[in-house]
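Colleague: I've just opened this one and could use a guide. Can I put some questions to you?

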There are 2 protein chains.
Amino acid sequence: MPKGHNGKILRVNLSNGRIAKEEYDETFYRTYYGGRGFNAYFLFKEVPVGADPMGPENRLVFSLGPLTGAPISGSGRSSVGAKSPLTGGYGEAEAGGFFGAELKHAGFDAIVVEGKAAKPVYLWVHDGEAEVRDASKLWGMNTLESQEAIRSELGDGRIRTAQIGPGGENLVRFACVINDLKHAAGRCGMGAVMGSKNLKAVAARGRGGPEWADPELIRKHAKWIADNFMQVSGGMHNLGTSGGLIDLSKNGGLPTRNFQTGVFEHAEAITGQTMADTILVGRENCYACVIRCKRAVKVDELGVIPEYGGPEYETMAALGSDCGVGDLKAIAKGNQLCNAYSLDTIATGNVIAFAMECYERGLLTREDTGGIDLRFGNAEAMLAVLEKIARREGIGGLLAEGVARAAKKIGKGAEELAMHVKGQEFPMHEPRIKQGLGVGYSLSPTGADHCHNIHDTTMRPGPGMDRIRAMGLNIPPLAFNDIGPDKMSYYTHAVNWSSFGNCIGMCLFLPWGFDRTVELVRGATGWNATLFELMKVGERMNSLLRAYNVREGITAKDDTLPKRMFQQIGDPLPTTAPLKEKEWQAAKQFYYAVMGWSSDGVPTRAKLQELGVGWAADAIGV
Amino acid sequence: MPKGHNGKILRVNLSNGRIAKEEYDETFYRTYYGGRGFNAYFLFKEVPVGADPMGPENRLVFSLGPLTGAPISGSGRSSVGAKSPLTGGYGEAEAGGFFGAELKHAGFDAIVVEGKAAKPVYLWVHDGEAEVRDASKLWGMNTLESQEAIRSELGDGRIRTAQIGPGGENLVRFACVINDLKHAAGRCGMGAVMGSKNLKAVAARGRGGPEWADPELIRKHAKWIADNFMQVSGGMHNLGTSGGLIDLSKNGGLPTRNFQTGVFEHAEAITGQTMADTILVGRENCYACVIRCKRAVKVDELGVIPEYGGPEYETMAALGSDCGVGDLKAIAKGNQLCNAYSLDTIATGNVIAFAMECYERGLLTREDTGGIDLRFGNAEAMLAVLEKIARREGIGGLLAEGVARAAKKIGKGAEELAMHVKGQEFPMHEPRIKQGLGVGYSLSPTGADHCHNIHDTTMRPGPGMDRIRAMGLNIPPLAFNDIGPDKMSYYTHAVNWSSFGNCIGMCLFLPWGFDRTVELVRGATGWNATLFELMKVGERMNSLLRAYNVREGITAKDDTLPKRMFQQIGDPLPTTAPLKEKEWQAAKQFYYAVMGWSSDGVPTRAKLQELGVGWAADAIGV
């Protein structure tokens, strides 16, 4: 049995209440590794082709990596997977916090939830045991209320939770799963799947946990980060993820007013420094992490409490600049509501920004909005619509379907204003300044996604180039607005690496690099893992997820970008430029070819076999 | 400038005597690494399409890796590259010994020889300087004679040489380059190219050498091998490379009588143990190596002296079992003659075995052989024909063309008896028992080759499987006679790794493994190299060499195997089985696909670009 993992996967059928503890062999663990790998395996193997994402046939997988719960910074990460109600393809979201580590210490490596409960339930997992419990009284509660109720009912204030609030209960397509009140497994609508199963929460508590293969090796790196984090991640500690927001705006790369421009006149008001200077009351951490990049904020007049954390960069831009809102307190309020209701802040902000642009262009009227003056910059309107989305009330019912479906329903050209790929809303990175990442929006298996992507900044001289060298790539430093073969060479391997990152149970923000990651995997598992192996795992996942999507009818035709991305951005700066259609098409073809896929973007049998997942070739008939 | 290398490449034009010291930037060094990489670069960039391999336009490249000459076991390896007179494609051969290290210490990383000298010359390279010197008096000498003459002329008994003897002078197509009298850069006819340039020898002496980036790291591993070599390579020390010969025969895998069978009744007489018990007088080493796998033998009655070393496994089988010869002393004599004349023992044995079969089948007559009774097992005949080949005398003139050309000339079905791929003779590994390696014969850029290949034994449980795991491959232990997708997955990465091995200047036999190799590369160069990078280098080379061959008209149609390989082997044992045509075709297609080549076996533009050698795509018009 592999170290790092417990060797046990919990299966819960909510239709009939059956609970089983399953064991898989070492080959399974070393092929799929954890997180994304487990999600992909169970979805592909178990969810029938064409199944309704919100139907009982879908699986909801809570999955951990081999390092989740290890005594080292960054190991608080866990994953949720399901067929996505937004894209109809592979869905997944990662979150930090404490829930993942607690689940690991409770004795499981993953939970596979199937079926649908007849009435609201929650799952209580503790020290190798599991129990489905009634959640009728919890239904309708905010996440803070329900977490308190669960802890009280079970008599243990240290229980960790992964929950939905009213957003997930009401099947908002972009509802998320909230861990520990403030860590969101945000993307792909995982909370809607949870809601569709009548599953209010997973509560975990454990004092055991797996054996680590080489605790001393893990300790060595834990000491290194403790000694050096201010040098290597000091900015993240001081200012959190939104420390760089102001610079983005200066360079024309801060999504503003539904991606109409990249410069926001109120950027200063919503950047990490301003938050630190005003509403910040604490820097918090995830499990075992010394970085403490998480924010806790307090705004008495709006009832914003530290328990729900504070806005990350994505939230700051989505509910802020993208909605034209420069009111930090209102954004903090919006963030709290999203965490209380289990709404993805990215999609929520994106869809409200979309509605604002529709409103300003006359595609939505004051009648449609129920009297709300839904102009860009109207913070109250932003919050009001957010409330309506969670309850699917009025305009909220339309927007709760996500920007792609809402735009289709509105018609009259609204589809051109919908910033999404494959039905998933854009995160807060501007493809006309980060063009490699823009190509990534088209290609990601989960639609427009920032966790399955590259950061064009790593193409610059310095540590970024050193990393590129360590990949064996012979390419010069490249510009942001370059998506030629050199950039795409890096892109291909970098997304394989980030895909591996989604398997491992470690935070993407931590400065581990290649060598330390290899050693940490060895320290957890005892495997003679190499960087080559880890990259292969990432590559395996990317081809496997692609095959899954192909099976569901999602192919090269869906590797799109909104028309706006090929047009000049508002407030053009020397750093901004529209993507060029021809180069973008060539970039995608380059990726297909290097990944070993056909020119239609379908993984070849040989490639899937080489990656050890030949069964997926059978499944898609190549 | 990279550490490990000197940063200087010597260019010598023999037509006009011009000598230049060239410098290349770090990107060049990190892209091509050394050895094979340098060969490939200079051949592809400089030798015109369709150039005659024995004409002045061909380049002869002596190239070192970043570890050649480092103070550690295995670092004696160097490479010779040229367009091959046997295959008409990329040609290359590696050798151990001391010459490579001496050339490194003399201040160069490679020598690129171009043109053709008007009369015999040798090149004298010492401490950063080089000189073309007259070799008229040396021409016709055996390698021992000419080495002594050079040392005497230059007054330095510690000079190291890479030379040709009469075989190379007489343009025997499979002539080799002999380093230090007994280390052969054997394959691909590199000695014929040297002869065609009227270059008798390169003599090197140097007391400088490059700076090593991390001498302590190199020392750490040097100490490890010194402390542990009897555990990890004791067999190689005790019995040399022919220690396993007897077991091969027992399992039907010892090439015997021109690959008609795999069991040799006199195997016991020619195995490593017998050599150790009889004619062995010393265990010798290559530069800095503690293993001492090299043999020194003495047979007074045949004039066999230790200066020429002793037969390796390949020689033992080629001049021995493959010719039906069970006379160890005669094989030792043949080995000495090959080293004295600069003939590749593999090709020499193979072509004599071919002639023997032709003779027994009546395709060659006693008249053709000049009265020699060229039956299998006739040791004297083997030696007599060997002498004739070196001098291109009588039947020797025919056989000096190599087995493919000789067979074509003989006609009457002789081509079916010629064990070669792309014009290069089979080494002594039986494809009907090592089927992965058999597929490799078809696919190698240098034709039938064992240094660009896998050993099916590494597919077995134990350290082999651990290595496969470290490649990130999820495959079970596999049978020898399996060439399905799992085996080919391993094959693909393993040949990339062995291709990297041909760049690095380290012996393939040393037990360094992945981790230590990565550290050694770092210790030499100071680069933050990873296994991923090293595998990429190997992959880069395989696609680059393929592109080179495509440019010369060598394509999928040439990825052949002799018909015999698809027929039942003589003396069939449970372990032996013919290759199956359909599976073999599928195996090749699998390789093309995973390498990112078209189904015609042509590297795609995207793959070449991804590997950082997009210029090769331009060169072959893809």
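Colleague: At about what angle does helix α4 of chain B run to β9(B)?

Modeller: First, this is a predicted model, where local features need pLDDT of at least 70, side-chain atom pairs count only at pLDDT 80 or more, and totals for chains, interfaces and linings use all residues. Residues are numbered from 1 along each chain as its sequence is written, chains are lettered from A and ligands numbered from 1 in the order in which they are written, and side-chain values use heavy atoms, with hydrogens and water left out. Helix α4 (residues 143-154) of chain B lies across β7, β8, β9, β10 and β12 of chain B (contact means heavy atoms within 4.5 Å; helices are DSSP runs of H or I, at least four residues, and strands runs of E, at least two, numbered from the N terminus). With axes fitted to C-alpha atoms, for helices over the stretch in contact, and angles from 0 to 180 degrees between N-to-C directions, the angle to β9(B) is about 135°.

Colleague: Which strands are at the edges of the open sheet in chain B?

Modeller: Six strands follow the order β8-β7-β12-β9-β10-β11 there, with mixed pairing; two strands pair if DSSP finds at least two bridges between them. An edge strand pairs on one side only, and in chain B that picks out β8 (129-134) and β11 (183-185).

Colleague: What is the bridge partner of B:Gln163?

Modeller: Strands β9 and β10 of chain B run antiparallel, joined by two bridges. Look in β10(B) and you'll find the partner, B:Ile178.

Colleague: And in chain A, which residue stands opposite A:Ser78?

Modeller: Chain A has an open sheet too, ordered β2-β1-β6-β3-β4-β5. Its strand β4 (residues 78-83) is joined to β5(A) by six bridges, and the two run antiparallel. Opposite A:Ser78, in β5(A), is A:Ala95.

Colleague: How many salt bridges are there between chain A and chain B?

Modeller: The rule asks for a side-chain nitrogen of Lys or Arg within 4 Å of a carboxyl oxygen of Asp or Glu. B:Asp515 and A:Arg522 form such a bridge, their closest N and O atoms being 2.6 Å apart. Between the chains, the count is two.

Colleague: Which element gives the most to the side of chain A that touches chain B?

Modeller: The contact takes 33 residues from each of chain A and chain B. Several elements of chain A give two or more residues, including α1, α20 and α21. With six residues, the top contributor is α21(A).
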